[in-house]
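Trainee: I'd like a close look at one part of this model, please. Could you pick a contact between two elements and take me through it residue by residue, then show me what lies elsewhere in the chain?

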Amino acid sequence: MINKILTIDDQIFDYNVNQILTGELKSNDLILSELAAASYFGVARGTVRKSYARLEECGYVIRRIGDGTRVSKDAIKKLEQNYYYESDAKADKKVSFVVPDPGYYQELEVSLRQTFYKYKYDLITVEGKNFFEEFQNINKLIDSKIDGFIITPLRNVFDKSMRNYKLMIEHNVPFVMLGKPPEDFICDSVYCNDVIPSMKICETLIDRGCQKLIHVLIGDTDFVAIHERKKGYETIVKSHNMQSIIIDIKEDNALDQIKDKLSRKHKTGIFLHNDALALPIINCLQKASFVYGIDFLFGGFGFDSAIQEKCGYKFPSVKIPKYQMGKEIGRLLYEAIEYKKKSGGIFNHTIIEQELKNI
């Protein structure tokens with residue numbers, strides 16, 4: 001097993017790049033100061049400085065003493081050169097990204113497109129929202145002599161999707177899975193292990209004075225993510241001799257349960273499965289006269305700056321490193337395709353799990 005450790009400065013770099021690409025940061029806009037960013041991300045100032053130095057080296061920002069760090073005038077042009085390409089690859093060299101939700105994976109697709117452009121391959125993105133759509137698209141692409149696949153596991157129908165994965169193996173087509181593979185299934189995969197970042201978020205809440213931790217999850221989402229984030233939370237509360245309090249936001253009285261668990265005698269940390277949960281919770285608690293920063297604090301997943309802005313508070317949160325994951329997936333798939341060519345058209349899938357840990 002190969003463990004790929006993603007550093008926090010990688011996350012800060014990707015966060016700022018995404019802000020520029022999406023237009024949230026425009027030419028000459030100031031980005032967060034080193035001190036403010038260190039507080040926002042919950043890291044040392046030197047870590048932020050390292051990330052900002054990379055941004056400056058790439059030409060995306062300009063740093064001046066007394067003026068701060070600003071987005072460069074040609075940042076978008078440079079980013080478009082690095083991230084978006086008009087493909088000049090040969091028509092017979094192509095790979096496919098089969099994805100259930102193109103919007104969610106947009107940043108990762110940009111990274112994949114950049115990576116495969118360098119390898120002179122076209123990237124074809126197709127949807128696979130359910131087993132049947134996934135099956136149809138995989139079959140069509142295999143018939144078109146596709147060189148390789150990137151595919152995400154449909155965890156709610158693992159048993160049916162297994163047939164699709166075996167179909168690629170039967171036709172000797174290399175593929176890499178974005179996400180943790182089903183048990184006992186052998187394939188190359190890149191996924192984000194959520195246990196360690198969950199522990200880090202919970203520890204951060206305790207360091208900021210929280211004497212109780214509540215984990216608010218979404219019960220009908222990705223069960224692997226639920227399990228890993230719950231494991232990280234339970235590890236920390238156990239190590240601090242705290243009571244484990246887990247509330248499913250889908251329950252009818254979930255907001256009342258959260259409110260009842262708070263106390264004005266001490267600060268409570270609320271570890272969110274997703275940053276989006278912050279809005280309904282903060283509205284409920286503020287109506288009950290609980291004060292953010294005094295009675296409770298948030299920590300979450302998703303690193304959604306728009307959500308945090310609507311809440312009126314910035315809180316520690318984990319950004320899934322989609323750009324970095326795309327680079328790892330692209331490299332793995334390219335190496336698999338090249339191996340197949342050199343071995344006379346024979347390819348055997350092996351276990352190479354890349355655990356991208358957000359620490």
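Mentor: Happily! Let's start where Ile8, Asp9, Asp10, Ile12, Phe13, Asn16 and Val17 of helix α1 meet Thr47, Val48, Lys50, Ser51, Tyr52, Arg54 and Leu55 of helix α3, a contact being heavy atoms within 4.5 Å. By class, seven of the residues in this contact are nonpolar, three polar and four charged (nonpolar: Ala, Val, Leu, Ile, Met, Phe, Trp, Tyr, Cys and Pro; charged: Asp, Glu, Lys and Arg; polar: the others, Gly among them).

Before going on, note that this is a predicted model, where local features need pLDDT of at least 70 and side-chain atom pairs pLDDT 80 or more, while totals for chains, interfaces and linings use all residues. Residues are numbered from 1 along each chain as its sequence is written, and side-chain values use heavy atoms, leaving out hydrogens and water.

Helix α1 spans residues 8–21 and α3 residues 45–57; their axes lie 9 Å apart at an angle of about 50 degrees (lines fitted to C-alpha atoms over the stretch in contact, angles running from 0 to 180 degrees between N-to-C directions). The two helices are therefore oblique to each other, the term for angles that are not under 35, over 145 or from 65 to 115 degrees. The crossing of α1 over α3 is right-handed: the near helix is turned clockwise from the far one by less than a right angle.

Tyr52 also leads us to strand β3, residues 68–71, which holds Thr69. Beyond its neighbours within four places in sequence, Thr69 touches Asp29, Leu30, Ile31, Tyr52, Val61, Ile62 and Arg63. Thr69 is buried, at 9% relative accessible area, where buried means under 20% with a 1.4 Å probe and protein chains only.

Further along, five strands form an open sheet with parallel pairing, in the order β10-β9-β11-β12-β13. At its edges are β10 (245–248) and β13 (317–318), each pairing on one side only. Two bridges join β12 (296–301) to β13 in the parallel sense; DSSP must find at least two for strands to pair. Phe301 has Val318 in β13 as its bridge partner. Helix α9 (223–239) packs on this sheet against β9 (210–217), β10, β11 (267–272) and β12, with its direction at about 165 degrees to β9. Helix α11 (278–287) packs there too, touching β9, β11 and β12, at about 170 degrees to β12.

Overall, the chain has 13 helices and 15 strands, as DSSP runs numbered from the N terminus (helices H or I, at least four residues; strands E, at least two). Of its 359 residues, 51% are buried.

Technical notes:
Buried means under 20% relative accessible area, exposed over 50%, partly exposed in between (1.4 Å probe, protein chains only).
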